[in-house]
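Here are some questions and answers for a first look at a protein model. Keep the structure in view while you read.

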Amino acid sequence: MNHEELAGRLARVQDAGVQVLVIPGNHDINNGHAAVYYGAEKESVDSIDGEDFYEIYRRYGYDQALSRDSSSLSYVYALDEKNWLLMLDSCQYEPENKVEGRIKESTLAWMDEQLLKAREQGIFVLPIAHHNLLAQSRMYTTQCAMDNNSEVIDLLQKYRLPLFFSGHLHVQRMRRYKAEPGVPDSDYGILEIVTDALSIPPCQYGFLDWKEDGSLEYSTRAVDVSAWAAAHGVENQDLLDFPDWSYRYIQKLISDQIGGVIRNLGDDIMKSMSGVYARVYMDYYAGRPIDRKAVRASAGYRWWERNLPDSYLLREIEAMMADSDRDNNYYLWEGDR
């Protein structure tokens, strides 16, 4: 079972002295599409329920929790005497699995209790969930922000929490909540940082540095697969030149899709078109700014306009560029100064 295999790998990390904390994602529990693959053959397998999830991952946050929500897989983890992580189960899997996220009403009440305790004790709280708090993308406009995100935002705003971390979108993004004018504390808004998926090139992860002065510095780092391969004597050239392989992998996927729509374009034109998409794609998911004028002036983009002007792939290029007007990889919260 994949969950058990993952738990075994996490054990190696934790046994090395790095505490691992886990919350479920939307594919993890009561997933009717759970399957195992033997080459090209697919075979359905049993999924797990919430109790199974706890039993498999209890070492990774649950058994060390300061408090656990009785109606979900949410919990509070104390980093130290003055800092808590509020690990939120935002998934819907009872009685069946859904892509969309939602925080239960009973969990909101539990969160309110924990946040009140934290405020009374002068403790800083950092909330973390799988689903997004805010709508963050023109590409993915549904099924990302929690269904009841306004209720969650109201609760977090009540306690003036500065940051919220999530995933799900698979795109590196930052956005601050802005209340309507005239609303109390409308000058204040929680900032959500969405960390992109480690499995998507450039395979980066978020790094949050708690500084001695109380500030928090967030940045991203890419897994250096090439350096690892060289250090371990790996001869696979794709791993030794991982950034280039990642680009070529995306380029090949798009070339195959172009070839399925229009034939006999020629290798040079196909490479030029897929290269534009691959560069935009990698910058978009990495949360990097994209120079739209430069992309539109490129030969590859002009080939898109000439050959596939009504393609959904060209619409995706435009949507990704429209979303990428700034860098989303660094943020410094200086605390209540």
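Buried means under 20% relative accessible area. This model is predicted.

Q: Which residues of helix H4 (residues 149–158) are buried?
A: A residue must fall under 20% relative accessible area to count. Cover for the buried residues of H4 comes from elements including H3, S6 and strand S7 (163–166). The residues that pass are Val152, Ile153, Leu155, Leu156 and Gln157.

Q: Is Arg160 buried, partly exposed or exposed?
A: Arg160 follows H4. Its place is the loop between H4 and S7. Buried stops under 20% and exposed starts over 50%. Arg160 has 41% relative accessibility, so it counts as partly exposed.

Q: Over the face of which residue does Arg160 lie?
A: Look first at the backbone of Arg160: its phi is positive, near 55°, and it is not a glycine. Now look at the side chain. At 4.3 Å from the ring centre, Arg160 lies over the face of Tyr188.

Q: What is the phi of Asn30?
A: Most residues other than glycine have a negative phi. Asn30 sits in the loop between helix H1 (2–15) and strand S1 (35–38). It counts as partly exposed because its relative accessibility is 27%. Asn30 is not a glycine, yet its phi is positive, about 50°.

Q: How many bridges join strand S5 (residues 83–88) to S6?
A: Strand S6 covers residues 124–129, and five of its six residues are buried. With S5 and helix H3 (residues 105–121), S6 makes a right-handed β-α-β unit. In the pairing, Met87 stands opposite Ile128 in S6. S5 and S6 run parallel, and the number of bridges joining them is six.

Q: How far apart are the C-alpha atoms of Ala129 and Leu88?
A: Ala129 lies in strand S6. It counts as buried because its relative accessibility is 3%. Its contacts include Ile23, Leu88 and Phe164. Ala129 and Leu88 are 41 residues apart along the chain, but their C-alpha atoms are separated by 4.8 Å.

Q: Are the rings of Tyr62 and Tyr75 stacked, edge-to-face or tilted?
A: The structure holds 13 aromatic pairs. In this one, the ring centres are 4.5 Å apart and the planes meet at 55°. Stacked needs under 30 degrees and edge-to-face over 60. The angle fits neither, so the pair is tilted.

Q: Which elements hold Tyr62 and Tyr75?
A: Both residues are buried. They belong to one aromatic cluster with Phe53, Tyr54, Tyr57 and Tyr60. The pair links distant parts of the chain, 13 residues apart: Tyr62 is in helix H2 (residues 50–62), and Tyr75 is in strand S4 (residues 75–80).

Q: Why are Tyr277 and Tyr281 separated by about one helical turn?
A: Both residues are buried. Their ring centres are 6.2 Å apart and their planes lie at 25°, so the pair is stacked. The separation of about one helical turn arises because they are four residues apart in helix H8 (residues 267–286).

Q: Which element gives the largest share of the largest nonpolar core?
A: This core has 34 residues, and Tyr277 and Tyr281 are among those with the most contacts inside it. Helix H7 (242–261), H8, helix H10 (299–307) and helix H11 (312–322) each give two or more residues. Eleven residues, the largest share, come from H8.

Q: Which residue takes a positive phi in the hairpin of S10 and S11?
A: Strands S10 (residues 204–210) and S11 (residues 216–222) run antiparallel, joined by seven bridges. Trp210 stands opposite Leu216 in S11. Five residues lie between the strands, and the one with a positive phi, near 90°, is Gly214.

Q: What is the omega of the cis peptide bond that joins Pro201 and Pro202?
A: Most peptide bonds are trans. Pro202 is found in the loop between strand S9 (191–194) and S10. Another cis bond joins Glu94 and Pro95, with omega about 0°. For the bond between Pro201 and Pro202, omega is about 15°.

Methods:
Residues are numbered from 1 along each chain as its sequence is written. This is a predicted model: local features need pLDDT of at least 70, side-chain atom pairs count only at pLDDT 80 or more; totals for chains, interfaces and linings use all residues. Side-chain values use heavy atoms; hydrogens and water are left out. Buried means under 20% relative accessible area, exposed over 50%, partly exposed in between (1.4 Å probe, protein chains only). Two strands pair if DSSP finds at least two bridges between them. A crossover is right-handed if, with the strands pointing away from the viewer, the path from the first strand over the helix to the second runs clockwise. Contact means heavy atoms within 4.5 Å. Rings of Phe, Tyr and Trp (its six-membered ring) pair if their centres lie within 6.5 Å; planes under 30 degrees apart count as stacked, over 60 as edge-to-face and the rest as tilted. A charge sits over a ring if NZ of Lys or CZ of Arg is within 6 Å of the ring centre and within 35 degrees of the ring normal. A nonpolar core is a set of buried Ala, Val, Leu, Ile, Met, Phe, Trp, Tyr and Cys residues joined through side-chain atoms within 4.5 Å. Lists of a residue's contacts leave out its neighbours within four places in sequence.
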